[in-house]
Structure formats: C-alpha cells, structure tokens
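Subject: Structure for you to look at

Hello,

Here is the structure I said I would pass on. Please open it and keep it beside this email while you read.

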Amino acid sequence: MSLRDILIERIRTIGPMRVADYMAECLMHPQHGYYATRDPLGARGDFTTAPEMTQMFGELIGLSLAQAWMDQGAPSSFILAEIGPGRGTLMADLLRATNKVPGFHDALDLHLIEASPALRRKQRELLGEATWHDSIADLPEGPLFLVANEFFDALPVRQFIREGELWRERLVGFENAQFCFGMGAPVDQPVLRHRLEDTEEGHLVEVCEPAHPIVHEIGKRIKRHGGAALIIDYGDWRSQGDTMQAVKGHQEVDVLDLPGDSDLTAHVDFELLCAATPSRFSRVTPQGVFLERLGITTRAQVLAQQMEPVQIEQHVAAHRRLTHPEEMGNLFKVVAFYPEGETPPPGVDP
Ligand code: SAH
C-alpha cells in the first residue's frame with residue numbers, strides 16, 4: 001500500500017487531517033516517509049543545503065562554537081551535538097576546523113540526533129564514532145554545544161486562518177480523486193492570541209508544535225550546565241502566510257502531490273523558538289551578516305588560492321549564495337541560545 005493510499009484510507013475513516021499530521025506522515029512515516037527512506041541531499045537529490053555547498057559553512061560554525069566554549073572557561077568535558085545532521089557534512093567540517101583549538105577535541109563527546117535510518121548510515125560512514133539518539137531528551141547531562149541547520153523547517157506545522165477573534169484550522173481532505181484543503185470550525189487558540197495584533201481577517205499563521213519541547217530541552221541544559229546552541233534556518237521573527245513548500249528534484253511542486261516523495265518544509269517562526277527556551281537568546285541575525293562577521297570572505301580568498309579555475313567558479317558561487325541578501329543571506333537567519341551572564345557565540349548580537 002502506498003502512502004497516498006494510506007492517507008486516503010485514513011481520511012475516509014476518520015476524516016480530514018491537520019496539515020501537521022499530513023506533513024508528519026509525508027516526512028516520517030516509518031515505511032514510506034520522505035526522510036525515513038532516502039538521502040535527499042545534494043546535486044542528484046531533491047535539495048541542497050549550505051554545508052553541502054561549501055566547507056566554509058561548517059568551519060565557521062565550528063570556530064564560533066569553539067570560541068563560545070573558550071569564553072565559558074573551556075570545560076574539560078562537554079557534549080557536542082547536532083540535531084538533524086543530514087549527511088554529516090557540517091559536523092565533519094566543524095571537527096576539522098576545530099582540530100587545532102587546544103583541548104577542544106579531548107573535551108568533546110559527539111552526539112547526533114537523527115530520525116532517519118538512511119541518513120544515520122551516511123553519518124556513520126563519514127564521522128565514525130558518535131552516539132546516535134532519537135530524541136534530544138536522551139542526551140547525557142553536561143555542558144552542551146549544539147548546532148541545528150535546516151532542522152526546524154522539517155518539523156510539521158499546523159496552519160490557522162483568522163476569522164474574527166477566532167481561528168479555523170486548515171485541514172487536508174480527499175475529494176474528486178485528489179487531496180484538497182478544507183477548514184475546521186472557528187475556535188479560540190490561546191497560543192495565537194498575540195497574533196491578533198498583527199493579523200487581519202483571512203490571514204494565515206503557522207504554529208510548529210514539536211519545536212517547543214525540543215527547544216525547551218536544549219535551553220534547559222544550556223541554562224543548567226553551560227554551553228551554546230546555534231540554530232540556522234529560513235524564516236523570520238514572526239512568520240506570516242502559508243510558507244509550506246514541497247521540493248522534488250530541485251523544483252517546487254504542489255504540497256499535496258507526491259506525498260512522501262517530495263521534501264516538505266515551512267519557514268521557522270523564531271519568536272516561538274525563543275519563547276520556548278529558558279536560556280538567554282541572541283537577536284535573530286541574517287545568515288549573510290553572521291558569516292561575514294566570522295570572516296567568510298577572508299576564508300574564501302585563502303581557499304581560492306589552492307583551487308583550479310573550474311573549482312573557483314563554483315566556490316565563488318557558493319560564497320555568494322550563502323551571503324548575498326537576494327540569495328540565502330537574508331532569508332536564512334541565525335539565533336543563539338546561551339547562559340545568563342555569558343556572551344553569545346561570535347557572529348550574533350546579544
Ligand atoms: N542539517 C543538514 C540536513 C538538513 S535536512 C544539512 O544542513 O545539510 C533535515 C534533517 O533533519 C535530516 O537529517 C532529517 O532526517 C532530520 N530530521 C527531520 N525531522 C527529524 C526529527 N523529528 N528528529 C530527528 N531528526 C529529524
């Protein structure tokens with residue numbers, strides 16, 4: 001039975017489902033889910049990410065986290081973690097770049113949080129020894145230095161459309177032999193009361209419920225034991241409108257076509273992330289600004305000196321793609337979580 005048939009059957013028996021349930025099934029269904037079944041990254045996959053474009057991304061994140069570790073007195077033992085590590089490329093670049101930071105490698109214990117068995121295999125091939133977990137709550141206690149790139153955009157969102165002071169939830173149904181959107185009854189949504197101030201009749205807002213406990217768990221550990229987290233993703237302080245999108249073979253496709261066979265994401269609402277952490281959080285910084293502050297252009301020039309002309313073209317394009325305001329430089333944002341009384345990792349503003 002295909003995922004499409006499973007979803008149709010489910011809608012027939014229990015009725016239209018929340019957008020979040022549709023997204024969760026498409027991405028994580030144990031047999032047919034998009035991430036559960038494949039490695040979607042890279043030129044031959046469906047989409048590409050910053051660490052897959054250039055080694056500079058992981059390197060600079062590594063140096064920022066290593067500086068934060070030194071600023072906090074270089075604890076002799078800490079957890080280095082990544083959530084949603086994809087192919088493990090970012091972590092490999094981070095580890096190589098921090099190899100010469102005195103004491104950093106001796107002190108770190110590597111932990112990866114990854115739901116996809118296919119990607120866990122890739123990560124093991126590239127990184128070798130590490131400990132894998134299904135959930136952030138399974139990490140051991142201790143100072144935590146963590147990175148998450150394009151992780152939160154893969155978590156399911158619920159969508160609500162404003163009607164008066166109430167909200168109707170957007171649902172996925174099945175009619176005339178195709179999936180279609182419908183709407184639930186208008187209900188009060190306490191988590192959306194603050195959005196009455198910046199929305200009007202008919203506006204759509206998204207809420208990513210699973211992000212909340214994950215962020216809380218990260219922030220709790222950082223507050224209790226020290227550490228820092230860098231969260232990088234596309235989105236904004238307060239997201240508005242329907243941002244759910246589906247990508248297949250580097251092309252945008254309809255979100256209701258190809259369930260389980262296209263990548264589904266939604267913009268990250270950074271206000272909701274920051275509201276969930278008990279630690280301090282930095283200002284939300286555009287990725288381009290963050291990378292420039294960490295010296296990406298100087299690093300790009302150094303690397304270019306050892307490259308062949310054919311490589312340089314791609315290298316310059318990757319630098320531009322990551323930093324230029326009209327490419328990923330502004331759409332992608334960085335936020336850091338860090339303990340009270342400490343400075344945030346370099347690159348972001350307190
Ligand atoms: N950070 C990587 C990959 C981004 S794709 C990069 O920048 O290239 C999203 C990653 O999050 C994948 O590794 C996916 O398998 C993982 N993921 C998605 N939902 C998850 C969940 N609920 N728990 C753990 N990992 C998840």
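C26 is buried, with a relative accessible area of 1%. The model is a predicted one, and the values here are computed from it. Does C26 have a partner or stand alone, and how far is its sulfur from the closest cysteine sulfur? That closest sulfur belongs to C180 and lies 14 Å away, too far for a bond, because a disulfide needs two cysteine sulfur atoms within 2.5 Å. C274 is in no disulfide either: the nearest cysteine sulfur, that of C208, is 14 Å away. C274 is buried as well, with a relative accessible area of 2%. By the 2.5 Å rule, the count of disulfides comes to zero.

Next, helix α8, which covers residues 117–127. Which of its residues are buried? They are A118, L119, Q123 and L127. These residues cover an arc of only 145° around the axis, which puts them on the same side of α8. A general point helps here: an α-helix has 3.6 residues a turn, so residues three or four places apart point the same way. The face of α8 turned away from the buried side carries the exposed residues R121 and E125.

What do the buried residues of α8 pack against? Their contacts are with two helices, α3 (34–37) and α6 (89–97), and with two strands, β3 (108–113) and β4 (131–133). Just after α8 comes G128, which takes a positive phi of about 70°.

The last item is strand β17, residues 332–338. Seven of its seven residues are buried, so β17 is largely enclosed by the rest of the structure. In a regular strand the side chains alternate between the two faces of the sheet. In β17 both faces are covered. On one side the buried residues are F332, V334, A336 and Y338, and on the other they are K333, V335 and F337.

Which strands pair with β17, and in what sense? The partners found are these:

- Strand β10 (residues 227–236) pairs with β17 in the antiparallel sense over six bridges, and I232 has V334 as its bridge partner.
- Strand β15 (residues 280–281) is also antiparallel to β17, over two bridges, with R280 opposite Y338.
- Strand β16 (residues 285–286) pairs with β17 in the antiparallel sense over two bridges, and T285 has V334 as its bridge partner.

V334 is thus named twice, as the partner of I232 and of T285.

Regards

Conventions: Residues are numbered from 1 along each chain as its sequence is written. This is a predicted model: local features need pLDDT of at least 70, side-chain atom pairs count only at pLDDT 80 or more; totals for chains, interfaces and linings use all residues. Side-chain values use heavy atoms; hydrogens and water are left out. Buried means under 20% relative accessible area, exposed over 50%, partly exposed in between (1.4 Å probe, protein chains only). Helices (H or I, at least four residues) and strands (E, at least two) are DSSP runs, numbered from the N terminus. The arc is that of the directions from the helix axis to the C-beta atoms. Contact means heavy atoms within 4.5 Å. Two strands pair if DSSP finds at least two bridges between them.
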